[in-house]
Amino acid sequence: MNINMTLIGQMIAFAIFVWFCMKYVWPPITQALTERQQRIQDGLEEADRARAELHKANEQAEETLRESREEAARILDNTRARANQMIEEARNDARAEGERMIANARSEIDSEIQQAKSELRAQVATLAIQGAERILESSIDEKKHREMVDRLAEEL
Amino acid sequence: MAGNAPTSTEYITHHLQNLTFGLHPDNGWSFAHGAEEAREMGFWAINVDTMGWSIATGLLFLWLFRYLAKTVTSGVPTGLQNALEMVFEFSNGIIRTSFSGHSKMVGPLALTLFCWIFFMNSLKWLPIDLVPQIAHKLGIEYMRIVPTSDPNATLGMGFAIFLLVIYYSIRNKGFSGFAKELSFRPFNHWALIPFNLILELVVLIVKPISLGLRLFGNMFAGEVIFIMISLLPFWAIWVLDVPWAIFHILVITLQAFIFAVLSVVYLSACFEEH
């Protein structure tokens with residue numbers, strides 16, 4: 001266990017090992033690890049960005065959903081109002097039509113009554129005269145009496 | 001165990017003897033037979049087992065991380081890639097928290113130190129007699145498989161760090177800046193320059209030595225305890241061996257971590273402006 005040349009041999013071996021390590025071992029490993037670090041960092045950043053984008057997209061989807069829901073509600077309201085209005089209009093139309101028809105019927109009835117009246121009147125005059133002729137059997141101044149009876153019929 | 005029924009002392013000393021190859025004054029170029037011959041070889045000898053196992057574990061580390069470097073993708077990691085990336089991130093964390101300067105070298109250095117020392121230390125988990133027995137069968141007399149329990153290995157790494165500290169200090173601060181830093185701290189007065197110089201040089205030298213000795217001390221002590229435990233009767237060994245091995249999960253990792261962190265801290269000081 002005495003100091004001898006092994007000391008120097010060990011120094012040389014050590015130097016060679018360190019040199020080899022420095023030349024062929026350290027650089028590729030360091031490079032790969034740095035690259036990996038970069039990739040991990042990129043990945044994390046990418047994930048953050050994606051997360052933010054997802055958040056934004058979610059918000060956008062929600063916004064769109066809310067808008068379409070509002071739109072649908074608005075359309076429904078409009079339609080309902082329009083339907084009500086149409087029903088109201090139809091009702092009004094029907095009522096007006098009914099009233100018009102009633103009025104027509106009424107005026108027709110009136111005119112028919114009037115016609116019947118005038119026919120009756122004409123017939124009454126004739127009948128009255130005939131009746132009177134028959135009663136009197138005498139000659140009567142037809143002209144004179146006709147005027148009288150007509151006036152009478154007029155008063156009917 | 002080596003030889004026929006060795007005594008406890010023989011067993012322990014045998015286990016603590018490195019396989020040393022060197023120029024012996026009497027035997028010429030040969031493997032040392034025992035501590036005595038190894039000492040006689042002096043400095044110009046080499047601990048073949050320490051070198052072999054440390055290079056093997058170093059290659060294991062490089063192979064694993066070369067595999068990672070080849071298969072690594074910026075996509076989703078799987079299986080082994082995941083585990084190795086964890087280690088990579090761990091040593092990268094050491095740099096981020098302890099290193100203030102800018103250097104292409106310190107990251108790989110921390111990774112190499114942490115993993116390599118961890119692998120060298122973890123050889124200790126192998127049964128204490130397993131590899132030496134196999135080696136003995138192959139005719140190899142001594143085999144210490146934990147390189148970090150050999151002060152040569154740990155101090156070698158420590159001095160490598162020391163050279164780097166000197167190099168980076170001079171490169172970043174200039175030679176005069178470095179010399180000024182050694183001369184005018186902690187006491188900024190010309191009369192105290194020699195005192196400062198001695199103090200700072202001691203601090204400078206102590207850093208790599210403490211690095212190396214801390215690791216060596218921990219590993220050596222652990223190994224000695226393992227050897228002591230294995231002197232027990234075979235049916236009692238596990239009672240102490242298992243807790244000690246579990247405890248070493250902590251020691252092995254912690255020592256590797258401390259060595260790497262302190263090296264980075266020492267190097268970081270070279271990049272700081274005062």
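**Close-up views of a predicted two-chain model**

Over residues 190-209 of chain B, the chain is 85% helix and 0% strand, with 29 Å between the end C-alpha atoms. This stretch belongs to a predicted model, and the legends below treat chain B, the contact with chain A, and chain A in turn.

**Figure 1. Overall architecture of chain B in the predicted model.** Chain B contains 9 helices and 3 strands. In sequence order, these elements follow the pattern α-β-β-α-β-α-α-α-α-α-α-α. The C-alpha trace of chain B extends over about 65 × 55 × 35 Å along its principal axes. Of the 274 residues in chain B, 35% are buried. When contacts between residues at least 6 apart in the sequence of chain B are considered, 67% of them join residues at least 24 apart. The mean pLDDT of chain B is 88, and 97% of its residues score at least 70. For the model, the ipTM is 0.88 and the pTM is 0.75.

**Figure 2. Annotated transmembrane regions of chain B.** An unreviewed UniProt entry assigns the annotation "transmembrane region" to residues 51-69, 105-123, 153-170, 190-209, 215-238 and 245-269 of chain B. Two of these spans are described here. Residues 105-123 of chain B are 89% helix and 0% strand, and their end C-alpha atoms lie 27 Å apart. In residues 190-209 of chain B, the helix content is 85% and the strand content 0%, and 29 Å separates the end C-alpha atoms.

**Figure 3. The three-stranded sheet of chain B.** The 3 strands make an open sheet with the order 2-1-3 and antiparallel pairing. Strand 2 (28-31) and strand 3 (45-47) of chain B occupy the edges; each has a single partner strand, so one side of each lacks a neighbour in the sheet. On average, neighbouring strands of this sheet are turned by 15 degrees against each other, direction ignored. Strands of a sheet pair through backbone hydrogen bonds, in either a parallel or an antiparallel arrangement.

**Figure 4. Strand pairing around strand 1 of chain B.** Strand 1 (residues 20-24) of chain B is joined to strand 3 of chain B by 3 bridges, and the two run antiparallel. Within this pairing, T20(B) has N47(B) as its bridge partner in strand 3 of chain B, and F21(B) stands opposite I46(B) in strand 3 of chain B. Strand 1 of chain B also pairs with strand 2 of chain B in the antiparallel sense, over 4 bridges. Here H24(B) stands opposite G28(B) in strand 2 of chain B. Strands 1 and 2 of chain B form a hairpin, with 3 residues between them.

**Figure 5. Helix 5 of chain B and its surroundings.** Helix 5 (106-122) of chain B has 17 residues and reaches 24 Å from its first C-alpha to its last, close to the 24 Å expected at 1.5 Å a residue. In helix 5 of chain B, 16 of the 17 residues are buried, so the helix is largely enclosed by the rest of the structure.

**Figure 6. The surroundings of V165(B) in helix 7 of chain B.** V165(B) is located in helix 7 of chain B. It counts as partly exposed because 18 C-beta neighbours lie inside 10 Å, whereas burial requires 20 or more. Apart from neighbours within four places in sequence, V165(B) is in contact with Y266(B), L267(B) and C270(B). The C-alpha atoms of V165(B) and F271(B) are separated by 9.6 Å, although the two residues are 106 residues apart along the chain.

**Figure 7. The contact between chain A and chain B.** Chain B contributes 41 residues to the contact and chain A contributes 28 residues. On the side of chain B that touches chain A, the elements giving two or more residues are helix 2 (35-41), strand 3, helix 3 (48-71), helix 5 (106-122) and helix 7 (151-183) of chain B. Helix 3 of chain B supplies the largest share of this side, 10 residues.

**Figure 8. Annotated and helical segments of chain A.** An unreviewed UniProt entry lists residues 7-26 of chain A as a "transmembrane region". This span of chain A is 100% helix and 0% strand, and its end C-alpha atoms lie 26 Å apart. The feature "coiled-coil region" is placed by UniProt (unreviewed entry) at residues 40-100 of chain A. Residues 40-100 of chain A are likewise 100% helix and 0% strand, with 88 Å between their end C-alpha atoms. Helix 2 (residues 142-155) of chain A has 14 residues and reaches 20 Å from its first C-alpha to its last, close to the 20 Å expected at 1.5 Å a residue. Helix 2 of chain A is hardly covered, as the count of buried residues among its 14 residues is 0.

Definitions and conventions
Residues numbered from 1 in each chain as written. Chains lettered and ligands numbered in written order. Predicted model: local features only at pLDDT ≥ 70, side-chain atom pairs only at ≥ 80, totals over all residues. Buried ≥ 20, exposed ≤ 12 C-beta atoms within 10 Å, placed from the backbone. Contact = placed C-beta atoms within 7 Å. UniProt positions renumbered as here; feature names shortened; annotations may be inferred. Expected span 1.5 Å × (residues − 1). Pairing = 2+ DSSP bridges. Axes fitted to C-alpha atoms, helices over the stretch in contact; angles between N-to-C directions. pLDDT = per-residue confidence, 0-100.
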